[in-house]
Amino acid sequence: MSLVCFRLAGIALLSLIVGACSTPGKGTVSEVDCKSVQSSCHHGRFGLIWKIVQADGKVEAESVSGTYEWRSGRSGPSQAPEIAYLEVNSTLGPSLGSARRLGNFYEVRAADGRVYLAQDWQSLFDLMFPVELPAEALVEWMENPNPDELPSLPKNWAWENQNGRYRVVFIENNTSGRIDLIPQGSLGK
């Protein structure tokens with residue numbers, strides 16, 4: 001997998017997290033009320049490392065790291081629709097892309113201008129990533145990065161948590177990888 005594909009996969013991985021709390025609506029990131037108890041607004045660092053051993057023994061390994069900013073919640077009173085937005089930047093600062101849910105379509109906008117759409121997060125990630133990602137668990141974690149309530153993961157995935165540094169590890173056949181998520185603070189609270 002090329003580095004460009006891997007970076008897009010990284011964007012897709014983190015954007016997966018956006019979907020569960022979003023519903024169709026007119027809200028934008030600036031309308032998320034991060035002071036509301038119903039919101040989840042935080043920022044931090046992330047890293048992805050992936051290794052695939054091919055049948056001929058050749059090893060392909062890729063990594064990408066950077067920062068994220070997550071905002072989800074309501075744009076107003078409790079009856080307002082929930083909205084969510086995720087911005088992902090490289091370690092050096094430039095945007096890798098953003099993600100949000102729009103109506104019945106899920107969207108990733110890469111820094112190079114490409115747009116990826118699907119009818120659900122899993123379909124979007126299946127297009128962009130070499131393994132099936134744990135969509136529900138990642139969404140739940142972004143909504144509530146609580147060390148005492150880590151979401152259930154599917155087979156071949158496992159959580160690790162040390163001092164507020166979360167790692168989701170994947171091992172299956174000739175593919176292994178990990179996702180590091182390190183929250184660094186709240187936004188707007």
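**Disulfide.** I looked for disulfides in this predicted model, taking sulfur atoms within 2.5 Å as the criterion, and the count came to one. The pair is cysteine 34 and cysteine 41, whose sulfur atoms lie 2.1 Å apart. I then looked up the torsion about their S-S bond, which is about -85°, so I noted the disulfide as left-handed.

Next I asked myself whether cysteine 34 and cysteine 41 are buried or exposed. Cysteine 34 has 6% relative accessibility and therefore counts as buried, and cysteine 41, at 4%, counts as buried too, the limit for that word being under 20%.

**Nonpolar cores.** I turned to the largest nonpolar core, which has 21 residues, and found that Phe46, Trp141, Trp157 and Leu181 have the most contacts inside it. At least two residues of this core come from each of several elements, among them strand 1 (40-53), helix 3 (135-143), strand 7 (157-162) and strand 9 (175-186). I also found a second, separate core of five residues, including Val32, Cys41, Ile83 and Leu187; Cys41 is thus a residue I had already met in the disulfide.

**Strand pairing.** For strand 1 and strand 9, I noted that they run antiparallel and are joined by eleven bridges, with isoleucine 49 standing opposite arginine 178 in strand 9. Strand 9 also pairs with strand 8 in the antiparallel sense, over seven bridges, and there I found valine 168 opposite isoleucine 179 in strand 9.

Finally, I checked the connection from strand 8 to strand 9, which form a hairpin with two residues between them. In that turn, asparagine 173 has a positive phi of about 50°.

Conventions: Residues numbered from 1 in each chain as written. Predicted model: local features only at pLDDT ≥ 70, side-chain atom pairs only at ≥ 80, totals over all residues. Heavy atoms only, no water. Buried < 20%, exposed > 50% of the residue type's maximum accessible area, 1.4 Å probe, protein only. Core = buried A, V, L, I, M, F, W, Y, C linked by side-chain atoms within 4.5 Å. Helix = DSSP H or I, 4+ residues; strand = E, 2+ residues; numbered from the N terminus. Pairing = 2+ DSSP bridges.
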